[in-house]
Amino acid sequence: MKYKGTGLSDSLDSFSVDIENGSINTNRNDNKELKIRTYLIDLQYYLSVCSKDGKDILEKIEREELYLFLNRLKHL
């Protein structure tokens, strides 16, 4: 759902996640390579990332950096 961008238009019983190795299984067998990884951001928040090869690139940025980046985008 997250990887494909379909949201809840896919049925929740159309996939399963193997928690042991983070693999995702679908009823269609079209996502055999998908992996999910979960990161603890701080004591209250988790971030889950779904990627095709199990490799994801995360970079922590500060709020001010995000604000400056978004302002630059507005002026393009």
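These are my notebook entries on one protein chain, looked up in a predicted model.

**Entry 1: confidence**

I started with how far the predictor trusts its own model. The protein chain averages a pLDDT of 78, and 84% of the residues score at least 70. I then asked myself where confidence is lowest and where it is highest in the protein chain. Strand 2 has the lowest, with a mean of 74, while helix 1, residues 63-74, has the highest, at 90. I kept that in mind while reading on.

**Entry 2: the overall layout**

Next I looked up the secondary structure, and I found one helix and four strands in the protein chain. Read from the N terminus, the order is β-β-β-β-α. I also checked burial: of the 76 residues in the protein chain, 18% are buried. For contacts with a separation of 6 or more, I noted that 10% come from residues 24 or more positions apart.

**Entry 3: strands 1 and 2**

I turned to the first pair of strands. Strand 1 covers residues 15-18 and strand 2 covers residues 23-26; the two pair in the antiparallel sense, with four bridges. Looking across the pair, I found V17 opposite I24 of strand 2. The hairpin here has four residues between the strands, and I saw that G22 takes a positive phi near 75° in it.

**Entry 4: strands 3 and 4**

How many bridges join strand 3 to strand 4? I found seven, with strand 3 at residues 35-42 and strand 4 at residues 45-51 running antiparallel. The hairpin between strand 3 and strand 4 passes through two residues. I wrote down two facing partners: R37 stands opposite V49 in strand 4, and Y39 stands opposite L47 in strand 4.

Then I stopped at T38, which belongs to strand 3. Leaving out residues up to four places away in sequence, T38 touches Y46, L47 and S48. I also looked up T38 and V49: they are 11 residues apart along the chain, and their C-alpha atoms are separated by 6.4 Å. As a reminder to myself, side chains in a regular strand alternate between the two faces of the sheet.

**Entry 5: a pocket**

My last stop was the second largest pocket, which holds about 190 Å³ of space. Which residues line this pocket? I listed Y39, I41, L47, L58, E59, K60, I61 and E62. Sorted by class, the lining has five nonpolar residues, three charged residues and no polar ones. I was pleased to meet Y39 and L47 again in this lining, having already noted that Y39 stands opposite L47.

Terms used: Residues numbered from 1 in each chain as written. Predicted model: local features only at pLDDT ≥ 70, side-chain atom pairs only at ≥ 80, totals over all residues. Heavy atoms only, no water. 1 Å grid on protein atoms, 1.4 Å probe; cavity = no way out; pocket = protein on both sides within 12 Å on 5 of 7 lines; lining within 4 Å. Points joined across faces, edges and corners; volume = space filled by probe spheres on them. Nonpolar A, V, L, I, M, F, W, Y, C, P; charged D, E, K, R; others polar. Pairing = 2+ DSSP bridges. pLDDT = per-residue confidence, 0-100. Buried < 20%, exposed > 50% of the residue type's maximum accessible area, 1.4 Å probe, protein only. Contact = heavy atoms within 4.5 Å.
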